[in-house]
Amino acid sequence: MKTAVIGFPRIGEKRELKRVTESYFKNQISKEELISESKKIREKHWKLQSDAGIDFMTSNDFSFYDLFLDTTVMLNAIPKEYKDLNLSELDTYFAMAKGYQNENGEVKALPMKKWFNTNYHYLVPRLSSETNLKLNSQKIMNEYLEAKNIGIETKPVVIGPLTFLKLSKIEEGKENYALYLLKVAKIYKELISELSKTGVKYLQIDEPILVTDLDKNDIENFNNIYSIIFESKPDLNIILQTYFGDVRDVYSDILKHPFSAVGLDFLEGYKNLDLLEKNSFPQDKVIFAGIVNGKNIWKNNYKKSADIIDRIKKMVPVENIVLNTSCSLLHVPYTLRHETKLSETYKNQLAFAEEKLSELSDLKEIFSSDNFKENPEYIENIHLIECKNKIKEFYSEDIRRKVAELTEDDFNRTSSFTERIREQNDLLNLPKLPTTTIGSFPQTADVRKIRMAHKKGEISKPEYDNFIKDKIKKIVNVQDELGLDVLVHGEYERNDMVEYFGENLSGFLFTENGWVQSYGTRGVKPPVIFGDVKREKSITVQWTKYAQSLTDKPLKGMLTGPITIQNWSFVREDLDLKTIAYQIGLAIQEEVLELENYGIKVIQIDEAALREKLPIRKKEWKEYLDWAIKAFRLTNSRVESKTQIHTHMCYSEFDDIMQGIKDMDADVITIEAAKSDLSILDTLKNNNYDKEVGPGVYDIHSPRVPSEGEFKGLINNMIELFDTDKLWVNPDCGLKTREEFETIESLKNMVNAAKEIRKNL
């Protein structure tokens, strides 16, 4: 057997790509320096995989920002407003990623969406009658030749044509879809021809869209695209790579086409084995078997992998089996080597990207022997897995009993929204179109510096606490002066909205360098849920109480919801997700009740990631939403009617889960809308949403200051679409990543716009 990797983390061992790219944004280094440094990162990654004995390494999995954006450039699908900026190719690329502003005005960035059921974001291409599709193969060619020049043969990877078209926004709609399909298929055909002439032996075409629910048109489009691509009988081997699920809708169609190899995910794609067994697999094709988890960080269970391979071997010759990652390793941290503070007891249970390369090599060696169960690596792996289940911190009888004893009443508030909102309005006495923010304020250099000093023991806890109090006092005063109606404390004590809560709950592990790319240069360091979760102390109460004492205006308690904590963590694999979510829900409920007890009457419980882990298949949505929504409701089911519960959601498609959003029964929902032209309001209105809503009127990911006039236009558009009595005015996400000056100026314009419009209501 041979081994392969679908893709490797591009951020670098110590986040070198983030640093060098942001230095370019700040004009601290030249374009040439950026290109030179990125080349070093790529070469290091290839050599690492080569040294690990990986047989099929990937090129073109590197990106300055996003592989989907790279595909947009490869197809020349660059919208006219970016071309009209007359920038260099690289700066045009970054303008699409981040937006661009000069003396002539501003061009917004392309919208972002979540990449299937991950926490990675991709940039959504836009195709229109002005799009001049044609091949630009420079990047994919250059990177293949870079690897070739250092003696490493790679398989270039490219996002597949069907996935690209299905996830793009086509402005003319379905009537022109066939035209785009034909053009894109011909471009891929041309690309394959060019790569073949360059000497490429294998091309990996990623079509994760094939694991989603496909209708007859989708399947017909798939067949049409690849019929065109294979017309000229390409002189290279094409690997059709899928991941995140199974290919039940197109398995037979895939086998009709002359792909040299097919990549299937045998972890999340739990039906792929059944498909092979029921329908067989061609003896002349190679199967890239995804058995090493590219989305989670637990050590591979060699026995389970052996069971999968044993079943595959009954249908596929051993020489045609390639041991593969289940998806790109983009979704896991780079290496465990720098985790110096993590106990070996826990560290031995984990595998990041670099360690997964070793796992592939181990499995290759193990499965090369008929007596693999006697292999020392196999025996040691089984022993480690057994040891994991004996770690006492994994189990809490108390919290498991509480979850087991939950009844339906524990998930419901005792009064209806109509009753609650009447009491809340009387208590809060807010104006029409009340203004607020989502929670966090800019985490400036001094905040990061003092937090690090405290973490290293260089300053005492009282010194740290006084610093945080001073920051809170200043930002509360700023909000009062700006005229915001519902204030927040700024969240200066928090490193991350999930990590912070994990640090204050039992059952979590934390890494020093477990960074994973979320989008562009934005990285997150997910906690690891390794044991039963419970709250043993107050988390936010101290800071929220202090902030409320500084103002007569209502101040929001800011919490992260159980589903977001779970979805943005690496989750244990030995306990079902519903039980874990209820454990976290009970912990957050205790925090909610303590905040309420201290007089906090507005409490926001963010569920930014609710939609993120929806199962790929719609048939399985109901089961997930049933327990996910209940986990959120569990957090606030015991509060008084007059306590107003807010939630926040961002950067996802919500149209098809509107019933779930309604079932959350939050009093107020703030939601991303700035990048989507308030289209969410149409969805809410069409679904008879009856709660209060704050559509984001300020895209916080663009480094700009919207004018008062721009805010007025957006607010007026809101009023046309939704009941004024139920509208709030707020940014579309937290302000943590922004600069202080632009944040204050933007909020000033937002508040002034709301006040002006109120006068005419």
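Guide: Welcome! Two strands count as a pair if DSSP finds at least two bridges between them. What you see above is a predicted model, and we will use that rule on it straight away.

Visitor: How do you know that strand 23 and strand 24 pair?

Guide: Strand 23 (residues 668-671) and strand 24 are joined by four bridges. The rule asks for at least two bridges, so they qualify as a pair. Their sense is parallel, and Val668 has Glu692 of strand 24 opposite.

Visitor: What makes strand 19 and strand 24 the edges of their sheet?

Guide: That sheet is open, with five strands in the order 19-21-22-23-24 and parallel pairing. Strand 19 (556-560) and strand 24 (692-695) each have a single partner strand, so one side of each is left without a neighbour in the sheet. On average, neighbouring strands here are turned by 20 degrees against each other, direction ignored.

Visitor: Which strands stand at the edges of the sheet of eight strands?

Guide: This open sheet has the order 1-14-13-12-11-10-8-2, again with parallel pairing. Strand 1 (2-3) and strand 2 (57-59) are its edge strands, each pairing on one side only.

Visitor: Why is strand 11 called largely enclosed?

Guide: A residue is buried if its relative accessible area is under 20%. Four of the five residues of strand 11 meet that, so the rest of the structure largely encloses this strand. To get there, the chain leaves strand 10, passes through helix 9 (residues 216-229) and enters strand 11, a right-handed β-α-β crossover.

Visitor: What are the pairing partners of strand 11?

Guide: Strand 10 (residues 202-206) pairs with strand 11 (residues 237-241) over five bridges, in the parallel sense. Here Tyr202 has Asn237 as its bridge partner. Strand 12 (residues 261-265) also runs parallel to strand 11, with three bridges between them, and Gln241 faces Gly263 of strand 12. Strand 11, helix 10 (residues 251-256) and strand 12 form a β-α-β unit that is right-handed too.

Visitor: How do you know that strand 15 is mostly covered?

Guide: Count its buried residues: in strand 15 (residues 505-509), five of five are buried. Strand 15 pairs with strand 18 (residues 528-535) over four bridges, in the antiparallel sense. Leu505 has Arg535 of strand 18 opposite.

Visitor: How do you know that the length of helix 28 agrees with what is expected?

Guide: Helix 28 (residues 740-758) has 19 residues, which at 1.5 Å a residue should span 27 Å; the end C-alpha atoms are 27 Å apart, so the two values agree. Among the buried residues of helix 28 are Leu747, Met750, Val751 and Ile757. Its buried residues pack against helix 19 (461-482) and helix 27 (708-721).

Visitor: What makes Ile291 stand out in the largest nonpolar core?

Guide: Contacts do. Among the 113 residues of this core, Trp115, Leu210, Phe266, Leu276, Ile291 and Ile312 touch the most other members. Helix 8 (residues 177-198) contributes the most, with ten residues. Apart from this core lies another one, of 100 residues, including Val488, Ile600, Trp621 and Ile700.

Visitor: Which residues are in contact with Ile291?

Guide: Contact calls for heavy atoms within 4.5 Å. Leaving aside neighbours within four places in sequence, the contacts of Ile291 include Phe266, Leu267, Ile308, Ile309, Leu323, Leu363 and Phe367. Asn300, Ser305, Asn324 and Ser326 are also in contact with Ile291.

Note on methods:
Residues numbered from 1 in each chain as written. Predicted model: local features only at pLDDT ≥ 70, side-chain atom pairs only at ≥ 80, totals over all residues. Heavy atoms only, no water. Helix = DSSP H or I, 4+ residues; strand = E, 2+ residues; numbered from the N terminus. Expected span 1.5 Å × (residues − 1). Buried < 20%, exposed > 50% of the residue type's maximum accessible area, 1.4 Å probe, protein only. Right-handed = clockwise from strand over helix to strand, strands pointing away. Core = buried A, V, L, I, M, F, W, Y, C linked by side-chain atoms within 4.5 Å. Axes fitted to C-alpha atoms, helices over the stretch in contact; angles between N-to-C directions.
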